[in-house]
Amino acid sequence: MCATSDDFFKEPTWTLREGERLTKCQRLPIRREGFDALLPSETLEPVKRTCINLALERCLVKTNEWRQTHMLEIDLFCKDIPGEASKAVKDPLNKQSLPVAPLIVALDRVQHTVVYEQLQTMIHIASSYPEELTPEDLTRFLTLVMTYLDEQDTTQSMNRTLAYMLLQLALLIVINRCDLIVPEIVQMLLSVWQHRKLSEFCVVPESFNHANEDDEISKLVLGNSTATEDAERSIVDEEDIMRIRQRKQQEDTNYIFSTLVSNRCIRMMAARGVDDVFACFANFINSLVDCNLISIRLLNEQFIKIFNESWQQHTLERVSRLMEAVLRGGHQSAAQGHLPGRKADDSHSQLFLEMLSDLARDIEDF
């Protein structure tokens, strides 16, 4: 630790003589009153100092963890700036190193600002005043988006932002105005996401249809089984595993449906207290699966993550019915001619989803 609790109780001094530098504690002044408000009034002085020291230590640990995770091993105050910059340029996952084509804006066509301003307004209304939304508003806006994508020049960043924010709008409508999720509007949304400019962020990546991260790591371990244990750990753990995880993280970042089923979404639907919301969400998911915008295997990964949180039993029962509705949608699609989005190798994934449904319904018995 850089200082004791006594240093933090002192008033920081900002007047410096030439050549002096601010200490870490002066850059992060902490008032005694702030800690007193968090502790009972009868807390002893030594206990207060101990709490402050522990809080400071944990803050420093968390800061270092974040820095190591997000800074890509580039020191914030590095001495060799050209050397560190070359690392970033050589990083294959660093998209900023790729040349960027100039953006040509046609003034006689639908403008970027018009589309994004209307999108922001629609999201605000769907979140705060959902009763004001009408089918005509949604149809008119989605038609405008399609015209915009056909006519205007855009960048990858703009395309991904548009696709992702449209997903947020759709989820808000599912939660707050499920009566607006009708086949015509759903089909317009699907057409936008399948547009040639947005499809790279919406269609299931090819790598997701094959081995997942754990499978790839297992293959690496088995492939290096002839090497010594130390060599295997060095080659696989430090290089290949990091490469696989970085690629998976990049794919998750680009793929907008990687968080379609989330704790936040389940929490918001449960707060409505209406079973129709979960049924509407299931129909929406089935539409995405049928168009190959998401797979049952990816849904399983997302459904598993929601069990990290403690839920009330009636919420888990609704989640179980949601999974069952997705499974029924798969069976209906198979009966209607095996739609392209329903992969043949999804049979094992469907069995796993059925098991998750049973687990959610009877989790108290486990």
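This report walks through a cavity, a surface patch, some salt bridges and a few single residues in a predicted model.

**The cavity**

Let's start on the inside. Searching the whole structure turns up 2 cavities of 30 Å³ or more. The one to look at here is the second largest cavity, which holds about 60 Å³ of space. If you want to find it in your viewer, pick out L138, L142, L169, A170, I173, I181, I185 and L189, the residues that line it. As for chemistry, that lining splits into 8 nonpolar residues, with no polar and no charged ones.

Which helices supply at least two residues each to this lining? They are α7 (135-151), α8 (156-176) and α9 (183-193). Of these, α8 gives the largest share of the lining, with 3 residues.

Helix α8 also carries M158. Is M158 buried or exposed? Its relative accessible area is 17%, and buried means under 20%, so M158 counts as buried. You can also place M158 relative to Y116: the two sit 42 residues apart along the chain, and their C-alpha atoms are separated by 9.7 Å.

**A nonpolar patch on the surface**

Now to the outside. L103, V105 and L107 together make a nonpolar surface patch of about 290 Å². One of these residues, V105, belongs to the loop between α5 (81-90) and α6 (112-128). With 36% relative accessibility, V105 is classed as partly exposed.

**Salt bridges**

How many salt bridges does a search of the whole structure find? The count is 7. Three pairs are set out below, each with its closest N to O distance.

| Acidic residue | Basic residue | N to O distance |
|---|---|---|
| E309 | R267 | 2.8 Å |
| E324 | R361 | 2.9 Å |
| D358 | R361 | 2.7 Å |

Take E309 and R267, whose salt bridge has its closest N and O atoms 2.8 Å apart. E309 is in the loop between α15 (296-305) and α16 (313-335) while R267 is in helix α13 (residues 263-272), so this pair ties together parts of the chain that are 42 residues apart in sequence. Both partners have some accessible surface: E309 is partly exposed at a relative accessible area of 26%, and R267 is partly exposed at 41%.

The salt bridge between the side chains of E324 and R361 comes in at 2.9 Å, N to O. This pair also links distant parts of the chain, with E324 in helix α16 and R361 in helix α17 (residues 347-361), 37 residues apart. E324 has 26% relative accessibility and counts as partly exposed. R361 is partly exposed too, with a relative accessible area of 32%.

R361 turns up again in a salt bridge with D358, where the closest N and O atoms are 2.7 Å apart. Here the partners both lie in helix α17, 3 residues apart, which is about one turn of the helix. D358 is partly exposed, at 32% relative accessibility. So, if you click on R361, look for E324 as one partner and D358 as another.

There is also a network to look at: salt bridges link D275, R318 and R321.

**Around N292 and S199**

Last stop: a loop and a helix. What is special about the phi of N292? The angle is near 65°, which is a positive value in a residue other than glycine. N292 sits in the loop between α14 (275-290) and α15. Buried means under 20% relative accessible area, and N292 has 17% relative accessibility, so this residue counts as buried.

L293 has a contact worth pulling up as well. The C-alpha atoms of L293 and S199 are separated by 8.8 Å, with the two residues 94 apart along the chain. S199 is part of helix α10 (residues 199-202). Is S199 buried or partly exposed? At a relative accessible area of 22%, S199 is over the 20% cut-off for buried residues, so S199 counts as partly exposed.

Key:
Residues are numbered from 1 along each chain as its sequence is written. This is a predicted model: local features need pLDDT of at least 70, side-chain atom pairs count only at pLDDT 80 or more; totals for chains, interfaces and linings use all residues. Side-chain values use heavy atoms; hydrogens and water are left out. On a 1 Å grid over the protein atoms alone, a cavity is a set of points where a 1.4 Å probe fits but cannot get out, and a pocket is an open set with protein on both sides within 12 Å along at least five of seven lines; lining residues have an atom within 4 Å of a point. Grid points are joined across faces, edges and corners, and a volume is the space filled by probe spheres set on the points. Helices (H or I, at least four residues) and strands (E, at least two) are DSSP runs, numbered from the N terminus. Ala, Val, Leu, Ile, Met, Phe, Trp, Tyr, Cys and Pro count as nonpolar, Asp, Glu, Lys and Arg as charged, and the others, Gly among them, as polar. Patches are made of residues with over 30% relative accessible area and no salt bridge: like charges are joined within 9 Å, nonpolar side chains (Val, Leu, Ile, Met, Phe, Trp, Tyr) within 5 Å. Accessible areas come from the Shrake-Rupley method with a 1.4 Å probe; for residues, only the protein chains shown count as cover. A salt bridge is a side-chain nitrogen of Lys or Arg within 4 Å of a carboxyl oxygen of Asp or Glu. Buried means under 20% relative accessible area, exposed over 50%, partly exposed in between (1.4 Å probe, protein chains only).
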